[in-house]
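I am opening my notebook on a new structure. My plan is to look things up one at a time and write down what I find.

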Number of protein chains: 2
Amino acid sequence: MTLDIGTRLRAVREARGLSQRELASRAGLTNGTISMIEQNKTSPSVASLKSLLDALPMPLSDFFADVEEQAVPKYFYAPDEFTELSPQEAGFGGGAARVSLRQLGNASSHTIQMLHEVYPPGADTGPEMLRHAGEEAGVVIAGIVEVTVADQVRVLNPGDGYLFDSTLPHRFRNIGAGDCVIVSACTPPTF
Amino acid sequence: MTLDIGTRLRAVREARGLSQRELASRAGLTNGTISMIEQNKTSPSVASLKSLLDALPMPLSDFFADVEEQAVPKYFYAPDEFTELSPQEAGFGGGAARVSLRQLGNASSHTIQMLHEVYPPGADTGPEMLRHAGEEAGVVIAGIVEVTVADQVRVLNPGDGYLFDSTLPHRFRNIGAGDCVIVSACTPPTF
DNA sequence: CCGATGTGTTCAATTTACTGAACGCAGTTT
DNA sequence: AAACTGCGTTCAGTAAATTGAACACATCGG
């Protein structure tokens with residue numbers, strides 16, 4: 001989401017019938033600064049923004065309540081825009097190997113969670129089986145992974161997939177020589 | 001003036017069980033910055049604060065206001081066990097190009113539908129935009145695809161992803177020289 | 001006991017926000 | 001018309017936020 005503080009601020013300022021200079025003097029800032037902010041050429045500090053809103057006046061929560069509604073929705077993500085989830089939060093307690101779990105977007109505001117997962121050789125989600133609400137599915141892109149679901153164990157190769165209810169105890173182990181890459185999806189997001 | 005965002009940020013961060021470094025890496029900032037902010041030694045820019053809250057996640061306004069049942073359930077699928085969806089069934093009416101949409105499992109008995117999609121060069125879901133209930137997300141594995149969602153158009157390369165509400169009109173076009181491979185997920189399954 | 005890993009803090013260097021004084025433009029006033 | 005008054009924008013310089021690499025302090029395993 002690219003949040004548009006500039007137009008939001010301008011809208012509020014003009015609704016009060018204030019010029020940039022008037023608002024600037026009340027807030028203890030300069031008109032130039034306000035101009036830059038309204039054009040989204042800079043991202044003001046919280047302190048500066050609070051000064052401006054105090055001078056209007058308007059609470060920060062109200063200001064952002066509207067800003068987030070007007071925010072431009074984000075549909076596309078470059079590789080570096082995936083958010084890396086820490087192993088701990090993903091449910092991997094004392095895992096020795098480092099697993100990369102890169103999430104697509106901000107799952108808290110969606111009903112679906114998609115992950116780009118990379119397991120180094122030997123990586124294991126651990127003998128303690130994972131369990132959580134929802135369903136999960138995935139496709140193996142590269143490498144070899146042994147997946148355990150309930151009482152079933154299976155070795156999956158590139159092109160293979162899986163699909164099961166997440167409340168069933170499950171476990172992933174990379175038993176190949178190289179990295180194992182999986183693209184998976186969960187619903188609802190697990191936190 | 002106070003506006004103690006430092007202790008507020010620390011409270012939410014610790015509530016999530018995250019260290020300063022973990023949060024920093026997710027938000028694309030450094031641990032030092034978070035330390036300074038939490039001690040109120042600096043006033044973060046709105047852009048920085050939003051990055052931090054997105055990684056938690058939490059909206060700015062909140063921050064500021066205070067399978068089908070079988071005898072034996074099937075969890076694993078070999079590549080030839082994916083069910084090929086006919087273009088028509090997938091919503092492609094008179095599409096000239098042949099698109100491969102291979103579905104993992106029997107989606108009607110699940111809340112999640114995962115597809116392994118292959119688009120030949122020039123493939124297009126058509127100028128009539130698709131619309132259906134639910135959300136969909138995907139990761140590009142190979143090739144180059146142009147995706148249109150509502151009024152946004154974007155060219156996605158391997159490693160890129162997408163995530164949007166399926167009620168928004170959308171369209172996929174393979175604009176590369178080779179096949180385009182995408183692994184996607186929808187919720188709920190679209191039929 | 002010591003090395004390895006974890007935490008949060010500190011500080012010089014860099015990037016960025018902000019200042020202060022310009023600028024150009026549109027109405028009014030003389 | 002020229003001179004004023006108001007508006008928002010631009011720009012070099014300054015102040016502050018942010019980085020990146022240290023630091024000190026804990027906990028854990030050999």
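**Entry 1: the surface near DNA strand C**

I sorted the surface near DNA strand C by class and got two nonpolar, 13 polar and four charged residues. My classes: Ala, Val, Leu, Ile, Met, Phe, Trp, Tyr, Cys and Pro are nonpolar, Asp, Glu, Lys and Arg are charged, and the others, Gly among them, are polar. I call a residue near a strand if one of its heavy atoms lies within 4 Å of it.

I note that this is a predicted model, where local features need pLDDT of at least 70, side-chain atom pairs count only at pLDDT 80 or more, and totals for chains, interfaces and linings use all residues. Residues are numbered from 1 along each chain as its sequence is written, chains are lettered from A and ligands numbered from 1 in the order in which they are written, and side-chain values use heavy atoms, with hydrogens and water left out.

Which residues are closest to DNA strand C? I found A:Thr33, A:Ser48, B:Arg21, B:Ser35 and B:Lys41, out of 19 residues that surround the strand. Next I looked at the DNA side. Of the strand C atoms within 4 Å of the protein, 69% belong to sugar or phosphate, and the rest belong to bases.

Then I checked the elements. I take helices (H or I, at least four residues) and strands (E, at least two) as DSSP runs, numbered from the N terminus. In chain B, helix 1 (5–15), helix 2 (20–27) and helix 3 (31–38) each supply at least two residues of the surface near DNA strand C. Helix 3 of chain B has the largest share, three residues.

**Entry 2: polar contacts to strand C**

I count a polar contact as a pair of N or O atoms within 3.5 Å; within protein, one must be able to donate a hydrogen and the other to accept it, and residues adjacent in sequence count only if both atoms are side-chain atoms.

A polar backbone atom of A:Ser43 is 3.0 Å from a phosphate oxygen of DNA strand C. A:Ser45 also uses a backbone N or O atom, 3.2 Å from a phosphate oxygen of the strand. B:Ser19 uses its side chain: an N or O atom there is 3.0 Å from a phosphate oxygen of DNA strand C.

**Entry 3: DNA strand D**

I turned to DNA strand D and found 21 residues around it. A:Arg21, A:Ser35, A:Lys41, B:Thr33 and B:Ser48 come nearest. By class, the surface near DNA strand D has three nonpolar, 13 polar and five charged residues. Of the strand D atoms within 4 Å of the protein, 69% are sugar or phosphate atoms and the rest are base atoms.

Which part of strand D does A:Asn31 contact? A polar side-chain atom of A:Asn31 lies 3.0 Å from a base oxygen. A:Lys41 has a polar side-chain atom 2.5 Å from a phosphate oxygen of DNA strand D. Helix 3 of chain A gives the most to this surface, with three residues.

**Entry 4: salt bridges**

I define a salt bridge as a side-chain nitrogen of Lys or Arg within 4 Å of a carboxyl oxygen of Asp or Glu. I found seven over all chains.

One of them joins the side chains of A:Glu38 and A:Arg10 (2.7 Å, N to O). A:Glu38 lies in helix 3 (residues 31–38) of chain A and A:Arg10 in helix 1 (residues 5–15), so the pair ties together parts that are 28 residues apart in sequence. I then checked accessibility: buried means under 20% relative accessible area, exposed over 50%, partly exposed in between (1.4 Å probe, protein chains only). A:Glu38 is buried at 4%, while A:Arg10 is partly exposed at 30%. A:Arg10, A:Arg13 and A:Glu38 are linked in a network of salt bridges.

In chain B, the side chains of B:Glu38 and B:Arg10 meet in a salt bridge (2.7 Å, N to O). This pair links helix 3 and helix 1 of chain B, with the two residues 28 apart.

Another bridge joins B:Lys50 and B:Asp54 (2.9 Å, N to O). Both lie in helix 4 (residues 46–55) of chain B, four residues apart, about one turn of the helix. Buried or partly exposed? B:Lys50 is buried at 11%, and B:Asp54 is partly exposed at 34%.
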